[in-house]
Amino acid sequence: TRAAEATRLSESAQAQAALLSRQLAEIRSQLTALNAALEASEARGRDQQTQIANLGSRLNTALAARVEELQRYRSDFFGKLRAILGDRQGIQVVGDRFVFQSEVLFPVGSADLSGEGADRIRDLAISLREIIKEIPPEVNWLLRIDGHADNSPIRSGGPFASNWELSAARAINVVRLLVALGIPADRVAATAFGEWQPVESADTAAARARNRRIEFRLTDR
């Protein structure tokens, strides 16, 4: 009958409505769970960012302290060198470098230390050994010896193929003597710049003399 059919339709509609209601409830529950998970993830992200920022700040502070500590020993080192070497021509402090003009250490065109040059390196080693005793083990210091040449062409048939080889040989011979005088081999390094890092650009004998030099830098690794 029509009444029975209407009743069945009503019951079917109610069943569908109930199903939809349950599905909506499940969706709302899932959305709530997803939202909670998202908020938790964002909170963890904020915590991690805060931790990273704090770690970066602590690292920067530690690095600044290390640089300041090394600067103090560098100042002590250069101060002792000034006291030992005195006001000698061809030797000077420039910023964070102690500079020897090549003629103070080597004969012209040679990488073999002169007698006077070896004496100057011995004076330097005395000062450095005193400073080494004071530097804490955690300060990862390095004494870098930089060899520089001028832009004069290398004599054909000589022992060096280029100014790089000449500046390298000079720096290496200084390092060898320092190690022989008791400076730890893992705390010194020889580098060569040839004629490519001049301090004077003029094409004069005086400018070329200034560009021929050995520089000592007390730095970190």
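How many residues apart in helix H3 are Glu116 and Arg120, and about how many helical turns separate them? In this predicted model, the two residues are four positions apart in H3, which covers residues 115-134, and so they are separated by about one helical turn.

**Salt bridges**

Side chains of opposite charge can pair when their charged atoms come close. Glu116 and Arg120 are one example, since they form a salt bridge in which the closest N and O atoms lie 3.9 Å apart. The two partners can also be described by how much of each is accessible: Glu116 is partly exposed, with a relative accessible area of 47%, whereas Arg120, at 10% relative accessibility, counts as buried. Arg120 is placed in the buried class because that class takes in residues under 20% relative accessible area.

A search of the whole structure finds twelve salt bridges, and the table sets out three of them, including the pair just described.

| Salt bridge | N to O distance | Acidic partner, relative accessibility | Arginine partner, relative accessibility |
|---|---|---|---|
| Glu116 and Arg120 | 3.9 Å | Glu116, 47% | Arg120, 10% |
| Arg144 and Asp146 | 2.8 Å | Asp146, 1% | Arg144, 26% |
| Glu215 and Arg217 | 3.7 Å | Glu215, 2% | Arg217, 22% |

In the salt bridge between Arg144 and Asp146, Asp146 counts as buried at 1% relative accessibility, while Arg144 is partly exposed at 26%. For the salt bridge between Glu215 and Arg217, Glu215 is buried, with a relative accessibility of 2%, and Arg217 counts as partly exposed at 22%. These residues also belong to a wider arrangement, in which salt bridges that share partners join Arg97, Arg144, Asp146, Arg213, Glu215 and Arg217 into one network.

**The largest pocket**

Turning from charged pairs to open space, the largest pocket of the model holds about 340 Å³. Its lining is made up of 19 residues, and those closest to the centre of the pocket are Val108, Gly109, Pro153, Ile154 and Leu166. Two elements each give two or more residues to this lining, namely helix H2, which covers residues 102-105, and helix H4, which covers residues 163-180. Of the elements that contribute, H4 gives the most, with three residues.

What classes of residue does the lining of the largest pocket have? Sorted by class, the lining has nine nonpolar residues, together with five polar and five charged ones.

Technical notes. Residues numbered from 1 in each chain as written. Predicted model: local features only at pLDDT ≥ 70, side-chain atom pairs only at ≥ 80, totals over all residues. Heavy atoms only, no water. 1 Å grid on protein atoms, 1.4 Å probe; cavity = no way out; pocket = protein on both sides within 12 Å on 5 of 7 lines; lining within 4 Å. Points joined across faces, edges and corners; volume = space filled by probe spheres on them. Nonpolar A, V, L, I, M, F, W, Y, C, P; charged D, E, K, R; others polar. Salt bridge = Lys/Arg side-chain N within 4 Å of Asp/Glu carboxyl O. Buried < 20%, exposed > 50% of the residue type's maximum accessible area, 1.4 Å probe, protein only.
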